[in-house]
Amino acid sequence: MMEFPNVEFSKFPEIDEVDSALLYKTLEHFFKKVSIEEGDTKLHLTVKEYKKGGLRAQHEVHANLFLGGKQYFSQVTGWQLLEAVQESLKKVEKEVQKVHSKK
């Protein structure tokens, strides 16, 4: 989907160029923040969509980050796909910073 070899997308819906650019910037920012140590960093993003009648769908975003032998996980549900992705990545980022600030 994008030029991030360490990101895996599962069940990710098609998004337009504008959203794709926003997602790229979000991921770029995220990796600058969490790449604290050298090593294998892998991010897995999974999206589940829920349509309960009507035109809108709710998006459940699962972010799973493997960093330095540890695993960080978050889950966010929202109406806007990119907002849910950003919120999910923020939660993971906070977890990483919490663990690394204790060192």
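Helices and strands are taken here as DSSP runs, a strand being E over at least two residues, and two strands count as paired if DSSP finds at least two bridges between them. The model treated in these exercises is predicted.

**Exercise 1.** Find the strands that pair with β3, and state in which sense they do so.

*Solution.* Begin with strand β2 (residues 41-50), which pairs with β3 in the antiparallel sense over 10 bridges. Within this pairing, Glu49 stands opposite His59 of β3, and Val47 stands opposite Val61 of β3. Then turn to strand β4 (residues 70-78), which runs antiparallel to β3 and is joined to it by nine bridges. Here Val61 has Val76 of β4 as its bridge partner. Finally, look at the connection: β3 and β4 form a hairpin with two residues between them, and Gly68, which lies in the turn, has a positive phi of about 55°.

**Exercise 2.** Work out the order of the strands in the sheet, and decide which of them are edge strands.

*Solution.* The sheet is open and has four strands in the order β1-β2-β3-β4, with mixed pairing. The edge strands are β1 (7-10) and β4, since each of these pairs on one side only. From one strand to the next, the twist averages 15°.

**Exercise 3.** Describe how the two helices α1 and α2 pack on the sheet.

*Solution.* Helix α1 (residues 17-34) touches β1, β2 and β3, and its direction makes about 140° with that of β2. Helix α2 (residues 81-101) touches β2, β3 and β4, while its direction makes about 150° with that of β4. The buried residues of α2, among them Leu82, Val85, Leu89 and Val96, pack against α1, β2, β3 and β4.

**Exercise 4.** Check whether the span of α2 agrees with its number of residues.

*Solution.* The expected span is 1.5 Å times one less than the number of residues. For the 21 residues of α2 this gives 30 Å, and because the end C-alpha atoms of the helix are 30 Å apart, the two values agree.

**Exercise 5.** Explain why strand β3 can be called largely enclosed by the rest of the structure.

*Solution.* A residue is buried when its relative accessible area is under 20%. Strand β3 (residues 58-67) has 10 residues, and nine of them are buried, so the strand is largely enclosed by the rest of the structure.

How values were computed: Residues numbered from 1 in each chain as written. Predicted model: local features only at pLDDT ≥ 70, side-chain atom pairs only at ≥ 80, totals over all residues. Heavy atoms only, no water. Buried < 20%, exposed > 50% of the residue type's maximum accessible area, 1.4 Å probe, protein only. Axes fitted to C-alpha atoms, helices over the stretch in contact; angles between N-to-C directions. Contact = heavy atoms within 4.5 Å.
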